[in-house]
Structures are given as structure tokens and as C-alpha cells.
Amino acid sequence: MVKITVEMVRNKAEHHDRLLAPLEEIALHQENIEKIEFIQDWCPKLKILLMQSNLIAKIENLNKLKHLAYLNLALNNIEVIENLERCESLEKLDLTLNFIGDIVSVESLTGNYNLVNLYLTGNPCTDYDNYRDFVIGTLPQLSTLDGKDIERSDRIKALQNLPVIRSDILFEQNIYKQQRKAQKKRLESDIQDKWENEYKHMDPEERNKQFWASKTEHAPEVRYEIERMRQLKQKSYEPETQKDEKRETRLFTSDGRPFNINQPKIDFKFSDEDPNAYVLDLAVYKHLDTNLLDIDIQTNYIRVSIKGKIFQLHLPEEVDITNSTAQRSQITGHLVIKMPKANFILKKPLTTKKCITQPSISESKVRGCSLGITQTREFLEIGSSDNVLDLTKMTSTKTPSYIDPRMTLIEKKPSSNFIDDPEVPDLI
């Protein structure tokens, strides 16, 4: 049994930002819903409700929808028209291809003054004699019935003969109810017997072939049985689907080494021409939203998630995570990721100094020396070996060729009228 849920209704309200309270139209057709519930509480402003092609057996829980103008319940299992008295704005009611045999139940719609269109095509009640005249006489507010306009002469004729027509309708209706009661009891017994005996030990494929090849009656029980067979057929394919869903992608080997993975199957180019960094160019789909990309850079691998599909690449050397950058082209959509190498140092090869072994030094202290030569600590030299930088000669005694005039000190002589005050102390 499929129930109406909030998520189901929200998914049908995507055009309205998934908001339910202000919703005025919703389509819940072909959902195999068996009961109308919750809609009047979640969507009180509904004007159009489409619930055709379901398994609804009763009209209910719609009395709070004061703005409802169009209700479509075609292709369901409804047998009685009821519980629509408070839907005062109802203008169009479609009950095509249901199982309404209780035609007198249309009298419950007499208070729906705005109802102008009614569809009952394909229901058992349409086989009654004078069915059309009875409905027209009972509901004078109608302008069309089963898609056909109602003439003024039809309305006058129906109103004149309504008492006689109603008595004939009641007689035919009672006969139908007895037949329907016997049919329901017989079909329920036959269906139960088939499942307990005939279908119990039968192969699913053979059972499906036999069911769909056999002739069936037009009844609510048969519709339920058709839906039951459809669900069983769908479940038979679920194990294979679930197996694929449960399959997890292994990202690392048992010893922790990352795999190279390309689930989205996109073209890429990995370049190590730059000695400072690695560059990865991913041919991401041009019109793909950037929000659907997720980049994860680690020291020894890079992982990019593209719409949930993983692209992963093992890096030859460790990279600097903090200084890595990612840019996307607005023209081609390509994603370019630049990852600087973590251990890259621009320097010349270290030189080795040699020393003569001193006689007083024991053999244990000159470990690593060969043939009387000891290898001392390596250090970085700047410049050539001939011009070694001497830190003691950092200052120069030579007079510079250019002196900034702002740095020149010029003695300022006092003016001719300057008088020295003896009481003012000298500056120290």
C-alpha cells in the first residue's frame, strides 16, 4: 500500500520551491495511492488536485479544501460519490472509469452550486436506462455531462419525469448491487485460491505469463491483483539492482597506496614538465555546475568528485597542499589544478671537504674515512670556489663615487643679528 508522504508531495511541488502551504495545484497520478489523506492539512489552498490512475477506493479527507475547483479521480476504484459537500468551490469533477454503481449517490452533490462539469463515463451506472436524465434532473447546476452540453429542453424533460426515472434507477441499482456483492465474494475467493494452490509452486516467469494471458473481469479486485503482480515483477529485479548499489569503490590498496580511478571517464592530462610543480588538466563537462565538483588534495594523491563519480590519481612525489590551486576555464570548462612539489629546493650540488687523518685520532672517530681521508660535514657554498664570500670584508674603506646630498652635513652659521643669551645653557 502506497501512502501519501510529505516528501512525495514536495517532490511534486518543485515548481513552487517545494513549499506546500501556498500550493494551488498538484498532480499525484500513477502513484498507486490507495487512500486520500493529509492533503487538506498540508495544502489548504489547493485549487486543482489530480489523482487519476491510482487505487483509491473512497472519496474522503477533502472537506477542508474550500478553494478546490477541479478534482480528477479517474481510473480508480471508487464505487460511491461522497464527502464532497463542503468543497463549495468545486466546478469540475472527473470520475471516469471507476466502479460507481450507486448512481443515487450523485444527490450528495446538489449543494455544490458551482459544479458545472461532471464526468461519469465508463462507470456501471451509465448502463442504466435514463441515467443521463436522472443526473441532469438531480443536478440542475450542471452545464455539461460526460463532455456533452446539456440543452434547456433536456433539463425540462428530466425535471418533469424525475420521480418516475428515480424509481426505475433505484430498481436497476439494487440489481447491480446484488451482482456486485456476488462478484466481489467470488473474485476474492478465486484470487486467494490461485495464490494458495496454483501460483504457490509456479515459476515466477511462468506465473506472469499465465496471469497476463488469462481473461479477467473489470472489477476493483482485479485492479488490485494487477498491481500486486506488477510489484512482484519489479521486486524480482531488485536483488541485481541492490547488488550494484552496494558495490563500493576501493580507493586504497591494503598497504595504503591510492588507486588510480576514473569513474566519470573523462579525458585528462598530467604534466610534470615544470620542475617546481605538477599540473593536472581535467576535461570537465563544459556546462557542468561548479558546485557539483569537490576537490581533495593530499600529499601523495588527488581526488576530484564529479557529480558523485570519483577521479583519483596517485602522485609520484609529495606535494604542498596549502599552496595548491584550482582554476576552471569559463570557455572550455576544463579544471586545471597546480600542485607545487613539497621537497623541491633550488640549490647546487653540495661540495665535499677532505681532511688528513690526525695520528692522535682513533679509528672509531674517523668512521667513514677512506685511505686516511675523513669526510667532514657538508655545507652550502655561495659563488665559485675561487671567490669564497668573506663575511669579515662586508664593510668597505673606499670612498663611494656617489654621495646622496641628503646625507651631507653642512654647518649652519648664525645670522648677523644673532645675540647669544648667557642664561640659556649650552646644548649637550
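## A walk around the helices

Helices H4 and H5 are roughly perpendicular to each other, since an angle between 65 and 115 degrees counts that way. Select both to begin: H4 covers residues 152-160, and the two helices pack at an angle of about 70° with their axes 5 Å apart. To find the contact, show the side chains of Ala158, Leu159 and Gln160 on H4, then Leu162, Pro163 and Ile165 on H5. Keep in mind as you go that this is a predicted model.

**Next stop: helix H3.** Keep H4 on screen and add residues 131-138, which form helix H3. How do H3 and H4 lie relative to each other: roughly parallel or roughly perpendicular? Their axes cross at roughly 90° and come within 8 Å, so H3 and H4 are roughly perpendicular. On the H3 side, pick out Asp133, Ile136 and Gly137; they meet Asp154, Arg155, Lys157, Ala158 and Leu159 of H4. You have already seen Ala158 and Leu159, which also take part in the contact with H5.

**Now follow H5 along its length.** Select residues 162-198, the 37 residues of this helix. Try a distance label between the C-alpha atoms at its two ends: they are 50 Å apart. Why does that agree with a helix of 37 residues? At 1.5 Å a residue, H5 should span 54 Å, and the distance in the model agrees with that.

Then colour the buried residues of H5: Leu162, Ile165, Ile169, Glu172, Gln173, Tyr176, Arg180, Gln183, Leu187, Ile191 and Trp195. Leave Ile191 and Trp195 highlighted for the next stop.

**Jump to Glu225.** This residue sits in helix H7, residues 220-236. Is Glu225 buried or exposed? Glu225 has a relative accessible area of 8%, so it is buried. Leaving aside residues up to four places away in sequence, Glu225 touches Ile191, Trp195 and Phe211. Two of those names, Ile191 and Trp195, are on the list of buried residues in H5. Now click on Glu188: its C-alpha atom is 10.0 Å from that of Glu225, although the two residues are 37 apart along the chain.

**Two loops with a twist.** Most residues other than glycine have a negative phi. Select Leu97, which goes against that habit: its phi is positive, about 55°, and it is not a glycine. You will find Leu97 in the loop between strand S4 (92-94) and strand S5 (117-119). With a relative accessible area of 35%, Leu97 is partly exposed.

Lys265 also has a positive phi, near 55°, without being a glycine. Look for Lys265 in the loop between strand S8 (261-262) and strand S9 (268-271). Lys265 has a relative accessible area of 74%, so it is exposed.

**A look at two cysteines.** Select Cys43 and you have a buried residue, with a relative accessible area of 1%. Cys125 is buried too, at 0%. A disulfide is a covalent bond between the sulfur atoms of two cysteines. How many disulfides does the model have? The count comes to 0.

**Finally, zoom out.** Show the whole protein as a cartoon and you are looking at 8 helices and 17 strands. Of its 428 residues, 32% are buried. Switch on the surface: the accessible area is about 29,600 Å², and carbon and sulfur atoms account for 51% of it.

Terms used. Residues are numbered from 1 along each chain as its sequence is written. This is a predicted model: local features need pLDDT of at least 70, side-chain atom pairs count only at pLDDT 80 or more; totals for chains, interfaces and linings use all residues. Side-chain values use heavy atoms; hydrogens and water are left out. A disulfide is a pair of cysteine sulfur atoms within 2.5 Å. Buried means under 20% relative accessible area, exposed over 50%, partly exposed in between (1.4 Å probe, protein chains only). Helices (H or I, at least four residues) and strands (E, at least two) are DSSP runs, numbered from the N terminus. Accessible areas come from the Shrake-Rupley method with a 1.4 Å probe; for residues, only the protein chains shown count as cover. The expected span of a helix is 1.5 Å times one less than its number of residues. Axes are lines fitted to C-alpha atoms, for helices over the stretch in contact, and angles run from 0 to 180 degrees between N-to-C directions. Angles under 35 degrees count as roughly parallel, over 145 as roughly antiparallel, 65 to 115 as roughly perpendicular and the rest as oblique. Contact means heavy atoms within 4.5 Å.
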